[in-house]
Amino acid sequence: QLQLVESGGGLVQPGGSLRLSCAASGFTLDYYTIGWFRQAPGKEREAVSCLSKSGVAINYADSVKGRFTISRDNAKNTAYLQMNSLKLEDTAVYYCAVINRGRYDGSCRREPLIYNYWGQGTQVTVSS
């Protein structure tokens, strides 16, 4: 059974840091494109960062550029989202997802519908 499990969310003050983890089971994570998304109350799910199969990292949200870093540890079959200098507007449920489709080229995409495996989400709350 293919599964993604996020962890690492929590309550943090503005300016603080968190590292989110996305542990994969049932498949090898480095074969696929990995995306991190977030969804705040009343807002659409938005792409935050992506790591292609070949290891190219993209930050889609302008607001996170220079603050968030996506990475992958193949030995642990786990992806990460390092979030620094957190702001109030980063508050959201964060999801990891993969594109696990036959013959997909492994490139990054920002459209949520392209991703076909999702974790359950982890809440990140930035508050003073």
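## A tour from Arg-45 outward

Begin by selecting Arg-45 and Tyr-95 in this predicted model, where the charged end of Arg-45 sits over the ring of Tyr-95, 3.9 Å from the ring centre. Keep Arg-45 selected and add Trp-118, since Arg-45 also lies over the face of Trp-118, at 4.8 Å from the centre of that ring.

Stay with Trp-118 and bring in Phe-37, whose ring forms an aromatic pair with that of Trp-118; the centres are 4.9 Å apart and the planes stand at 50°, so the pair is tilted, falling neither under 30 degrees nor over 60. Colouring the strands helps here, because Phe-37 belongs to strand S4 (residues 33-39) and Trp-118 to strand S10, and the pair thereby links parts of the chain that are 81 residues apart. The two partners are not equally accessible: Phe-37 is buried, with a relative accessible area of 1%, whereas Trp-118, at 28% relative accessibility, counts as partly exposed.

Next, widen the selection to the aromatic residues in general, for a search of the whole structure finds seven aromatic pairs. Select Phe-27, Tyr-31, Tyr-32 and Tyr-117 together, and you will have a cluster that is linked by ring pairs.

Now turn to the cysteines, where the count comes to two disulfides. Select Cys-22 and Cys-96, which form a disulfide with their sulfur atoms 2.0 Å apart. Looking along the S-S bond of Cys-22 and Cys-96, you will find a torsion of about 70°, so this disulfide is right-handed. Cys-22 lies in strand S3 (residues 18-25) and Cys-96 in strand S9 (residues 92-99), so the bond ties together parts that are 74 residues apart in sequence. Both ends are buried, Cys-22 at 1% relative accessibility and Cys-96 at 0%.

For the other disulfide, select Cys-50 and Cys-108, whose sulfur atoms are 2.1 Å apart. The torsion about the S-S bond of Cys-50 and Cys-108 is about -100°, so this disulfide is left-handed. Here too the pair links distant parts of the chain, with Cys-50 in strand S5 (residues 46-51) and Cys-108 in the loop between S9 and strand S10 (117-118), 58 residues apart. Cys-50 is buried, and Cys-108 is buried as well. With both disulfides on display, number the bonded cysteines in sequence order, and the pairing reads 1-3, 2-4.

Return to strand S3 and follow its neighbours. Strand S1 (residues 3-7) runs antiparallel to S3 and is joined to it by five bridges; to see how these two strands face each other, select Gln-3, which stands opposite Ser-25 in S3. S3 also pairs with strand S8 (residues 78-83), again in the antiparallel sense, over six bridges, and here the residues to select are Leu-20 and Leu-81, since Leu-20 stands opposite Leu-81 in S8.

For a last stop, select Gly-55, which lies in the loop between S5 and strand S6 (57-59). Gly-55 is partly exposed, with a relative accessible area of 40%. From there, draw a distance back to Tyr-95, where the tour began: the C-alpha atoms of Gly-55 and Tyr-95 are separated by 19 Å, and the two residues are 40 residues apart along the chain.

Terms used. Residues are numbered from 1 along each chain as its sequence is written. This is a predicted model: local features need pLDDT of at least 70, side-chain atom pairs count only at pLDDT 80 or more; totals for chains, interfaces and linings use all residues. Side-chain values use heavy atoms; hydrogens and water are left out. A disulfide is a pair of cysteine sulfur atoms within 2.5 Å. Helices (H or I, at least four residues) and strands (E, at least two) are DSSP runs, numbered from the N terminus. Buried means under 20% relative accessible area, exposed over 50%, partly exposed in between (1.4 Å probe, protein chains only). Rings of Phe, Tyr and Trp (its six-membered ring) pair if their centres lie within 6.5 Å; planes under 30 degrees apart count as stacked, over 60 as edge-to-face and the rest as tilted. A charge sits over a ring if NZ of Lys or CZ of Arg is within 6 Å of the ring centre and within 35 degrees of the ring normal. Two strands pair if DSSP finds at least two bridges between them.
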